[in-house]
Amino acid sequence: MPRMLFLCNKKSKVKVTVLGSGTSQGVPVIACPCPVCASADEHDKRLRSSILLQTASTTLVVDAGPDFRQQMLRAGVKKLDAILISHTHKDHIAGLDDVRSFNYLTGKPMPVFACKRDQEEIRHEFSYAFTKNPYPGVPEYDLHELTTEPFQLGDIPIQAVELLHMHLSVFGFRFGRFAYLTDVNHIPPKSMKVLEGIEILMIDALRKKPHLSHFNLEQAIEVAEQLAVKTAYFTHISHLMGFHREVQAELPANMFLAWDGLSFEI
Ligand SMILES: [Zn+2]
Ligand SMILES: [Zn+2]
Ligand SMILES: [Zn+2]
């Protein structure tokens, strides 16, 4: 199996865009009467968690949740080279059916990078795409095995990082000086080693109260401090976190709640 699909040796700036900064239900939550869900502030409107990475030649996303279609349209993505899967909870894969638009455009299956277990889950969840004689127009996937072996897609270097999401082993990703760790409540020591030297961290911080399978805000701040990053962003945020503006005012100067549309270069 090739570890690189379209290798390009030149190093270029990677633009990261937050496509979604919300937890599994998104914000606002359907039918929720709370004031955060009623907020008019755009920072309080969060699609399901995903990021876009772009260079002049390469475009990737991490995860394709239920808002994938809307996220591709909103960010004006015209070309997508691959999808990296952190894990197969529905808020991270439910949008995979919509890669059809890219299939039609390129005439090729969409490269999807997932660990062996997650590939099986994808084959199960989207079984209609993997049958012998599929119905015309089904999505097409080109599944590649994701391991902790570093690899490169186009001019973007990728290192998957093992994390724990309660008892579930999931992947975060290091891209050079930036790491994206969604859906995590424990980082094993060997993975902390892999993360050494990053400057920008985007990490799960569900809410202020503790949670079984996600870091809360205090724990996420602790990780950012342990890694001594220059800048930390918090993502996978629940409406229970509170208003963006109020929580942001309480954070250390180099730490920020992420918001949909946030972008920066790495
Ligand atoms: Zn999630
Ligand atoms: Zn609410
Ligand atoms: Zn999850």
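**Entry 1: the β9/β10 pair**

Before I start, a working definition: two strands count as paired when DSSP finds at least two bridges between them. I am reading a predicted model throughout.

With that in hand I looked at strand β9 (residues 168-175) and strand β10 (residues 178-181), which run antiparallel and are joined by 3 bridges. Which residue stands opposite Arg-174 in β10? I found Ala-179 there.

I then looked up the sheet around this pair. It is an open sheet of 7 strands with mixed pairing, ordered β7-β8-β9-β10-β11-β12-β13. Its edge strands are β7 (151-153) and β13 (255-257), each pairing on one side only. On average, neighbouring strands here are turned by 25° against each other, direction ignored. Helix α6 packs on this sheet and touches β11 (200-204), β12 and β13. The direction of α6 makes about 155° with that of β11.

**Entry 2: the other sheet**

Next I traced the open sheet with the order β6-β5-β4-β3-β2-β1-β14, which has 7 strands and mixed pairing. Strands β6 and β14 (263-265) form the edges, and each of them pairs on one side only. From one strand to the next, the twist averages 25°.

At the β14 edge I checked the register. Strand β1 (residues 15-20) runs antiparallel to β14, and 3 bridges join the two. Thr-17 has Ser-263 of β14 as its bridge partner.

**Entry 3: helix α4**

At the β6 end I looked for what lies on the sheet, and found α4 across β5 and β6, running at about 160° to β6. In α4 (residues 116-125) I noted Asp-118, Gln-119 and Ile-122 as buried. Down the axis of α4, the buried residues fall within an arc of 105°, so they line one face of the helix. Lys-116 and His-124 are exposed, on the face of α4 turned away from the buried side. I also asked what covers the buried residues of α4. The cover includes β5 (110-114) and β6 (141-145).

**Entry 4: the zinc pair**

I moved on to the metals and took ligands 1 and 3 together. How far apart are the zinc ion (ligand 1) and the zinc ion (ligand 3)? They are 3.5 Å apart, and Asp-183 coordinates both.

For the zinc ion (ligand 1), I listed Asp-91 (OD), His-92 (NE2), Asp-183 (OD) and His-236 (NE2) as donors, at 2.1 to 2.3 Å. The angles among these 4 donor atoms run from 92 to 161°, and the site is irregular. It misses the tetrahedral label because that would need all angles between 85 and 135 degrees. The donor residues are spaced D-H-x90-D-x52-H in sequence. I checked burial for two of the donors: Asp-91 is buried at 7% relative accessible area, and His-92 is buried at 0%.

For the zinc ion (ligand 3), the donors are His-87 (NE2), His-89 (ND1), His-165 (NE2) and Asp-183 (OD), at 2.2 to 2.3 Å. Their spacing reads H-x1-H-x75-H-x17-D. This site is irregular too, with angles of 89 to 172° among its 4 donor atoms. The site ties together distant parts of the chain: His-87 sits in the loop between β4 (82-84) and α2 (90-93), and His-165 in strand β8 (residues 156-165), 78 residues apart. Both His-87 and His-165 are buried.

**Entry 5: the third zinc site**

Then I opened the site of the zinc ion (ligand 2). Its protein donors are Cys-32 (SG), Cys-34 (SG), Cys-37 (SG) and His-239 (ND1), at 2.0 to 2.3 Å. What geometry does this site have? It is tetrahedral, with angles of 104 to 114° among the 4 donor atoms. Along the chain I read the spacing as C-x1-C-x2-C-x201-H. Cys-34, in the loop between β1 and β2 (50-54), is thus linked with His-239, in the loop between β12 (231-235) and α7 (244-250), 205 residues away. His-239 is buried, at 15% relative accessible area.

**Entry 6: Lys-230**

Last, I looked up Lys-230, in the loop between α6 (217-226) and β12. Is Lys-230 buried or exposed? It counts as exposed, because its relative accessibility is 56% and the cut-off for exposed is over 50%. Beyond its neighbours within four places in sequence, Lys-230 is in contact with Glu-199 and Asn-254. I also noted the C-alpha separation between Lys-230 and Ile-198: 8.5 Å, with the two residues 32 apart along the chain.

How values were computed
Residues are numbered from 1 along each chain as its sequence is written. Chains are lettered from A and ligands numbered from 1 in the order in which they are written. This is a predicted model: local features need pLDDT of at least 70, side-chain atom pairs count only at pLDDT 80 or more; totals for chains, interfaces and linings use all residues. Side-chain values use heavy atoms; hydrogens and water are left out. Donors are N, O and S atoms within 2.8 Å of the metal (3.2 Å for Na, K and Ca); water is not among the atoms, so sites may look incomplete. Four donors count as tetrahedral if all angles lie between 85 and 135 degrees; four count as square planar and six as octahedral if opposite donors are over 155 degrees apart and all others between 65 and 115; anything else is irregular. Buried means under 20% relative accessible area, exposed over 50%, partly exposed in between (1.4 Å probe, protein chains only). Helices (H or I, at least four residues) and strands (E, at least two) are DSSP runs, numbered from the N terminus. The arc is that of the directions from the helix axis to the C-beta atoms. Contact means heavy atoms within 4.5 Å. Axes are lines fitted to C-alpha atoms, for helices over the stretch in contact, and angles run from 0 to 180 degrees between N-to-C directions.
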